[in-house]
Amino acid sequence: MAERRVRIAAVALLGSILVAGAGWLVLNSSLFAIREIRVVGNAWLAAAEVRRLGGVRAGANLFRLSPTDVERGLERSAWVAESRVDRRWPSTVVLWIEERRPAAWLRGPDGPVVVSGDGTVLASVDRLTKGGSFEELPSLGRTARRLEPGTRLPGGPALRVAASFPPELARFVQRVRASGGEVMLDLHRDGVILYGTAGEAEAKNAAALALLRRTRRDGIDIDYLDVRTPSSPVLNPAP
């Protein structure tokens with residue numbers, strides 16, 4: 001009986017040693033060293049910056065990688081609204097990110113910054129080096145508030161309207177202003193767009209863009225465009 005217990009204990013010990021050895025091999029084998037780091041979804045952030053934020057480096061062991069920690073690191077950036085990390089065995093990591101889209105810019109005490117549609121300050125414009133130019137975005141004016149990346153500004157009709165613009169329309173608009181819930185768009189050329197409330201944005205944007213294309217095509221100077229009733233837009237040429 002005692003001899004049997006000794007044999008059972010020896011087998012259990014051997015099993016533990018084998019499991020521990022297998023674990024050590026898995027955590028230290030070059031087979032599971034990260035060789036490829038893919039970045040998906042980035043339009044404004046450089047892939048190298050995404051990898052840096054996630055703290056993922058080639059050569060690290062894939063088993064030791066914590067997707068939760070990597071996602072937390074990615075979402076430290078104001079640009080990253082959501083992220084997901086996939087481990088693809090034996091040696092690939094995929095970093096999926098959903099970026100916030102620049103909607104407008106705003107001049108603060110330290111210079112102009114780019115703001116997303118949810119009011120997040122993304123970056124100062126001198127760091128806007130990928131994906132486009134802040135000059136293609138409408139302005140929201142000035143603020144005395146200090147604006148650091150990640151600061152969340154309160155939403156309002158001007159920002160909601162700016163965030164709704166397709167890129168072509170955004171390039172026509174110099175500034176978005178709101179007063180009493182009514183929005184007005186100052187154009188880069190002379191003229192304004194009477195937008196009304198922030199509602200029916202898709203229809204109003206389509207009507208405004210159609211009229212702007214027509215005025216550019218026909219060489220018409222604008223006094224104002226009125227898209228407050230988007231089904232019946234009005235063009236009033238400059239005198």
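What does the accessible surface of the protein come to, and what share of this area belongs to carbon and sulfur atoms? In this predicted model, the accessible surface amounts to about 13,500 Å², and carbon and sulfur atoms contribute 52% of that area. Of the 239 residues in the protein, 41% are buried. The secondary structure consists of six helices and twelve strands. Among the contacts with a separation of 6 or more, 52% are made by residues 24 or more positions apart.

One open sheet is built from three strands in the order β1-β3-β2, and its pairing is mixed. Strands β1 (36-40) and β2 (80-88) stand at the edges; each has a single partner strand, so one side of each is left without a neighbour in the sheet. On average, and with direction ignored, neighbouring strands of this sheet are turned by 15° against each other.

The pairing of β2 with β3 (residues 92-99) is antiparallel and comprises eight bridges. Within this pair of strands, E82 lies opposite E98 in β3.

Two helices pack on the sheet. Helix α2 (residues 47-54) touches β1 and β3, and the direction of this helix makes about 110° with that of β1. Helix α3 (residues 67-74), which also packs on the sheet, touches β2 and β3; the direction of α3 makes about 150° with that of β2. Strand β3 is thus touched by α2 and by α3.

How values were computed:
Residues are numbered from 1 along each chain as its sequence is written. This is a predicted model: local features need pLDDT of at least 70, side-chain atom pairs count only at pLDDT 80 or more; totals for chains, interfaces and linings use all residues. Side-chain values use heavy atoms; hydrogens and water are left out. Helices (H or I, at least four residues) and strands (E, at least two) are DSSP runs, numbered from the N terminus. Buried means under 20% relative accessible area, exposed over 50%, partly exposed in between (1.4 Å probe, protein chains only). Contact means heavy atoms within 4.5 Å. Accessible areas come from the Shrake-Rupley method with a 1.4 Å probe; for residues, only the protein chains shown count as cover. Two strands pair if DSSP finds at least two bridges between them. Axes are lines fitted to C-alpha atoms, for helices over the stretch in contact, and angles run from 0 to 180 degrees between N-to-C directions.
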